Amino acid sequence: TCTQINKNAALHPLWQSELSVSGGTRQSPINIQWRDSVYDPHLKPLKIHYDPTTCLYIWNNGYSFQVEFDDSADKSVIMGGPLENHYRLKQFHFHWGAINEWGSEHMVDSKVYPAELHLVHWNPVTSTSFEDAVMENNGLVVIGVFLKLGAHHAGLQKLVDALPAVRHKDAIVEFDVFDPSCLMPSCPDYWTYDGSLTTPPLTESVTWIIKKTPIEVDQNQLEEFRMLLFTSAGEEEKRMVDNFRPLQPLMNRTVRSSFR
Ligand SMILES: NS(=O)(=O)c1cccc(F)c1
Ligand SMILES: [Zn+2]
């Protein structure tokens, strides 16, 4: 069952510290109850300007595959939405399940998706580096996009084609021009709430922006994610699946929506 898997996910070495993060009041991910979210008319449209030439490389960090960007200038930035200033794109990565029945970190009315994309940005106005921003209140903004099973996603395929080259933990391959805007749904609607990183250090420094509408990817593309490995070359192979954190308590938080 889903809870059983969640427990397994929580016991994965990565999240062993999971059980020890006490005192957290704004942990992620959460289940977004649509009817409890509050429409906020002051929320602006999210503005996204990614420069495809800032894309650097793709690598397997042992719990996901991650695409890193050159964040030494304000070239790939987001602004607007709930944000007071602009934030720089640092990296994006995914979370997914062993089968299509689960895999996302956030849920909407307890509906779970087979995978979830996270685009990670940091605040260059209040921090001098991504590493600093990780420790800053509202130092980070992560845009979450749900993936659902459906049509082939041509933009994603360029990423999928690079995955065999980063099958093992710590593998890295140059990944040149890529515009992650192609992974964004066209619908502007989103929810936003204050939360945390969903992997260690689990710091409570994230303004989450969760897109309401999923993007569609096909079965073959999801299966390519599941062929990655948690393990390094030479170790006994462990498939990289179920790399999501279990739901965390909402506690004293309100989820705002940009749409009625
Ligand atoms: N999964 S996540 O909360 O987006 C995340 C985890 C760790 C580091 C980071 F920059 C983002
Ligand atoms: Zn993530």
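This is a conversation about a predicted model with a zinc ion and a second ligand, and about how its labels are assigned.

Visitor: What are the ground rules for the numbering and the values?
Guide: Residues are numbered from 1 along each chain as its sequence is written, and chains are lettered from A and ligands numbered from 1 in the order in which they are written. Because the model is predicted, local features need pLDDT of at least 70 and side-chain atom pairs count only at pLDDT 80 or more, while totals for chains, interfaces and linings use all residues; side-chain values use heavy atoms, with hydrogens and water left out.

Visitor: What makes H93, H95 and H118 donor residues of the zinc ion (ligand 2)?
Guide: Donors are N, O and S atoms within 2.8 Å of the metal (3.2 Å for Na, K and Ca), and sites may look incomplete because water is not among the atoms. NE2 of H93, NE2 of H95 and ND1 of H118 coordinate the zinc ion at 2.0 Å, so they count as donors. Their spacing in sequence is H-x1-H-x22-H. H95 is in strand 7 (residues 87-96) and H118 in strand 9 (residues 115-122), so this pair ties together parts 23 residues apart in sequence. Strands are DSSP runs of E with at least two residues, helices are runs of H or I with at least four, and both are numbered from the N terminus.

Visitor: Why is the site of the zinc ion (ligand 2) called tetrahedral?
Guide: Four donors count as tetrahedral if all angles lie between 85 and 135 degrees. The angles among the four donor atoms here are 99 to 117°, so the site meets that rule. The ideal angle for four tetrahedral donors is 109.5 degrees.

Visitor: Which residues surround ligand 1?
Guide: Among them are Q91, H93, H95, H118, V142, L197, T198 and W208; the cut-off is a heavy atom within 4 Å.

Visitor: What makes the pair formed by T198 and ligand 1 a polar contact?
Guide: A polar contact is a pair of N or O atoms within 3.5 Å; within protein, one must be able to donate a hydrogen and the other to accept it, and residues adjacent in sequence count only if both atoms are side-chain atoms. An N or O atom in the T198 side chain is 2.8 Å from a nitrogen atom of ligand 1, so the pair qualifies. For H95 the distance to a nitrogen atom of ligand 1 is 3.3 Å. The protein covers 93% of the 300 Å² of accessible area that ligand 1 has on its own, by the Shrake-Rupley method with a 1.4 Å probe.

Visitor: How do you know that N243 is buried?
Guide: Buried means under 20% relative accessible area, exposed over 50%, and partly exposed in between (1.4 Å probe, protein chains only). N243 has 1% relative accessibility, so it counts as buried. A polar atom of its side chain lies 2.8 Å from the backbone nitrogen of W96.

Visitor: Why is the pair of E68 and K90 called a salt bridge?
Guide: A salt bridge needs a side-chain nitrogen of Lys or Arg within 4 Å of a carboxyl oxygen of Asp or Glu. E68 and K90 are 3.8 Å apart, N to O, so the pair passes. E68, at 6% relative accessibility, counts as buried, and K90 is buried at 17%.

Visitor: What makes E237 partly exposed?
Guide: Its relative accessibility is 46%, so E237 lies between the two cut-offs. The E237 side chain meets that of R167 in a salt bridge at 3.3 Å, N to O.

Terms used. Four donors count as tetrahedral if all angles lie between 85 and 135 degrees; four count as square planar and six as octahedral if opposite donors are over 155 degrees apart and all others between 65 and 115; anything else is irregular.
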